[in-house]
Amino acid sequence: MLSIEHYLILSLVLFVIGVAGLMLRRNVLVMLMSIELMLNAVNINLVAFSRLHGSADGQVFSVFIVVVAAAEAVVAVAITLPFLRNRGTVNADDLDLLKW
Amino acid sequence: MNDNPPANDQATESLAHGTPPDSVGPELPPQMDQECGIPPVNEKFLHPRLRVLQPMANTVKLLIQPVQWPADGTNRIMVSIAPWCALTIALLAYLIVPIGPAFQTTDLNVGLLFILGISFLGIYSVVLENWAANQRDFLGAALRSATHFLSYESASALALVSALLLTGSLSMNEIVQAQLDQGQWFLFYVPVGFAIFFVASIALTNRTAIVMPGSDAEIIDRGEKAPLHFRWALDSLADYAKIFVAAGVATTVFLGGWLRPLASYRDRFPGTPVQLLDAVPGALVGAIAIYCFRSAQKQQEQSRKRVMIWACTIWGSVALVLLATLFAPEAVMSGVHGAFWFVVKVSAYVYACLWVRITFPEYRSDPSTNLGWRILVPMAVVNLIATALAIMCTQYTGLPMRLTTILAAVATLAAAIWLSIISPVEPLSRTAGGQ
Amino acid sequence: MSVLHTILFYFFSALAVASALVMITRRNVAHAGIFLVTTLLATGGIFLLLQAEFAFALQIFLFAGGAVVLFVLASSLARLEVTRRLPGSQRGRLAAAALGLVLAAQIGFAIVVGHTSLRLPAMQSARAPKNTEAVGDALLRQFIVPFEIASVLLLVSMIGAVVLARRRA
């Protein structure tokens, strides 16, 4: 009864919620969390397809996605914290040092 | 019952009723904290004839105490869910642990990884409780507890993985089966790993999430701000539940799970289908029952005599069950005896943990985290590499496994001694996030 | 059995979507982190339904127990609990929401209406062979080079994070 479209639509919905969170929220940490949500949605997609075709390739790729997501979260937080210390805000609209 | 030693009475009865003991030691004097208006929890308020129910009554009173929040601006939702988080983790882990050959709730393919993963989620309970209390020094306590917890969880996870190298699978049932096939508990193949796991489990479970002064379970003389309420009771329960989870996991991975000692030794009594070593549980428990009976006859008071006769009946019935199942079909016997050995091993582990905890004073957070990060985690990594090399050695050169693993253990201990010599033990420097 | 599968699927997906929606609307960063944990655990449940146990364990370990812990600890260290609603941050909200809806409509169209052109066969009903073994086998045989590169990446990001976040005296 459950076909692949169910999982794909779930993944789509989570991805779009992540995109909306990324665009609507201005707090850098919440934006990072929305990025994690998007990566998670892609993971569902990959694992569903790997189950469909019966090979482990999709799940291996999802392992790498999780690893990269963790590394990226670490680096992003490491960038955010000194910025917070110096500027006192983590509103993304205030991170405009490179603007003209 | 008044002249029974209180530790015997209250602690064992409250443990038997499945509630956290109010204090592992002599009871509080009554009329404790009348200044703060909240009625004391530990005083004896029942009729003298009902005194045997006193611990239960105290527990009920504890559970219905008026709710106390750590400070005014606390985030009530987060502070409330933190102890439930710790308790859920402890209870979930017991889904996977095999108590007997066919006595497991579910056999997840990745059982051990699941238990490790959800133990890591216990950091939320530690962090949320302290941080959501919205007090200045609790933030530092939250972060210190978080690093402490992470270090010991990493060390215990690495120690478990080094025992996992000897099996091919993460499923808990397969791990016990591998110990049966190899004829040796993994304790004897990776003794250093077991030691690391033991130390880590003691260090992880002595620290409840709540770090308010006076909220420790073992404090005898509380001040006015004694926070004894349902959330604290949940937290203490999660503390003890975590010990049982660590004991269950250690028993399955290191101590052979539901296996009898010398499980591959299958000699039988001549003429019967009963194996020699399988009669040992029944004989042991029968000996305990006989001891209880003899001791009951030596008691002077009626109440103590009744308690010993009651204990003798219980032990006697267990001995009868164990001896009767020797002649039952194979599945029943292996199930009952497997459960018996599992319970014995878990009890021994829990006993050792509580023994250590009662004997030594609690470490301050800095030296404890130092021990975790600088000594236990590198030691666990070295142990992992050494065990892997030992297994490869055994496969390629044909040396017996016991020799190579003992060499690996010696190498790990040498590394540990070197580490503790070169690592300084002074407290870490103060940062803005700390004190 | 498939009825149970369907019920569990709808339960987990409802939980995941609801938590995600709540997560992006919280003003308290720590609350958002907790709801992200709920979303990730619900997704783990979906992985279990797909009989991908290794992905489930990895989700719990690395995502919920690693990345989100990092966020919660970072927001607590920086005392970022409540974010103020700044003036000027409301512009572009409508455009952002519309963009999201357009994206959803495009991909949804491809999945639902055009699925004959995607040619997706039905899901297998046979039980997948030992999942962890298969994934580990693939990781260490076929994908060994990406595996090693990922470990180097993790090492580099750890060192970089420690260097970046260090307080310069």
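Visitor: How many aromatic pairs does a search of the whole structure find?
Guide: The count comes to 14 aromatic pairs over all chains, and keep in mind that this is a predicted model.

Visitor: What makes C:F9 and C:Y10 an aromatic pair?
Guide: Rings pair if their centres lie within 6.5 Å. For C:F9 and C:Y10 the centres are 5.5 Å apart, so these two rings pair up.

Visitor: And why is that pair called edge-to-face?
Guide: It's about the angle. Planes over 60 degrees apart count as edge-to-face, and the planes of C:F9 and C:Y10 make an angle of 70°, so the label fits.

Visitor: Are those two residues buried or exposed, and how do you know?
Guide: Take them one by one. C:F9 has 3% relative accessibility; buried means under 20%, so C:F9 is buried. C:Y10 has 44%, which falls between 20% and 50%, so C:Y10 is partly exposed.

Visitor: Which residues form one aromatic cluster in chain B?
Guide: B:F194, B:F197, B:F198, B:F254 and B:Y349 do.

Visitor: Where is B:W418, and what makes it count as exposed?
Guide: B:W418 sits in helix α14 of chain B, residues 401–422. Its relative accessibility is 54%; exposed means over 50%, so B:W418 makes the cut.

Visitor: How many residues apart are B:W418 and B:W258 in sequence, and what is their distance in space?
Guide: They are 160 residues apart in sequence, and 37 Å apart in space from C-alpha to C-alpha.

Visitor: Let's do charges. How many salt bridges does the structure hold?
Guide: Three, over all chains.

Visitor: What makes B:R357 and B:D239 a salt bridge?
Guide: The cut-off is a nitrogen within 4 Å of a carboxyl oxygen. Here the N to O distance is 3.1 Å, so the pair qualifies. This pair links distant parts of the chain: B:R357 is in helix α12 and B:D239 in helix α9 of chain B, 118 residues apart. Both B:R357 and B:D239 are buried.

Visitor: How do you know that B:E301 and B:R304 form one too?
Guide: Same test: the closest N and O atoms of B:E301 and B:R304 are 3.6 Å apart, and the limit is 4 Å, so they form a salt bridge. B:E301 has 30% relative accessibility and B:R304 has 31%. Partly exposed lies between 20% and 50%, so that is the label for B:E301 and for B:R304.

Visitor: What about C:R141 and C:D137: why are they separated by about one helical turn?
Guide: Because they are four residues apart in helix α6 of chain C, residues 131–141. An α-helix has 3.6 residues a turn, so residues three or four places apart point the same way. The closest N and O atoms of C:R141 and C:D137 are 3.5 Å apart, and they form a salt bridge. C:R141 is exposed, because its relative accessible area of 64% is over 50%. C:D137, at 37%, counts as partly exposed.

Visitor: What does the secondary structure of chain C come to?
Guide: Seven helices and zero strands. Of its 169 residues, 41% count as buried.

Visitor: How do you know that helix α3 of chain C reaches close to its expected length?
Guide: Compare two values. From first C-alpha to last, the 25 residues of α3 reach 34 Å, close to the 36 Å expected at 1.5 Å a residue. α3(C) does bend by about 30° at C:Q59. And α3(C) is mostly covered, with 21 of its 25 residues buried.

Visitor: Where does C:Q51 lie, and what makes it buried?
Guide: C:Q51 lies in the loop between α2 and α3 of chain C. Its relative accessible area is 18%; buried means under 20%, so C:Q51 is buried. C:Q51 also has a positive phi of about 60° although it is not a glycine.

Visitor: Last one: which residues make the nonpolar surface patch in chain B, and what lets B:V307 belong?
Guide: B:I288, B:V307, B:W310, B:I314, B:W315 and B:V318 make a patch of about 540 Å². Patch residues need over 30% relative accessible area, and B:V307 has 44%, so B:V307 passes that part of the test. B:V307 is found in helix α11 of chain B, and that helix gives the patch its largest share, five residues.

Conventions:
Residues are numbered from 1 along each chain as its sequence is written. Chains are lettered from A and ligands numbered from 1 in the order in which they are written. This is a predicted model: local features need pLDDT of at least 70, side-chain atom pairs count only at pLDDT 80 or more; totals for chains, interfaces and linings use all residues. Side-chain values use heavy atoms; hydrogens and water are left out. Patches are made of residues with over 30% relative accessible area and no salt bridge: like charges are joined within 9 Å, nonpolar side chains (Val, Leu, Ile, Met, Phe, Trp, Tyr) within 5 Å. Accessible areas come from the Shrake-Rupley method with a 1.4 Å probe; for residues, only the protein chains shown count as cover. A salt bridge is a side-chain nitrogen of Lys or Arg within 4 Å of a carboxyl oxygen of Asp or Glu. Helices (H or I, at least four residues) and strands (E, at least two) are DSSP runs, numbered from the N terminus. Buried means under 20% relative accessible area, exposed over 50%, partly exposed in between (1.4 Å probe, protein chains only). The expected span of a helix is 1.5 Å times one less than its number of residues. The bend at a residue is the angle between axes fitted to the seven residues ending there and the seven starting there. Rings of Phe, Tyr and Trp (its six-membered ring) pair if their centres lie within 6.5 Å; planes under 30 degrees apart count as stacked, over 60 as edge-to-face and the rest as tilted.
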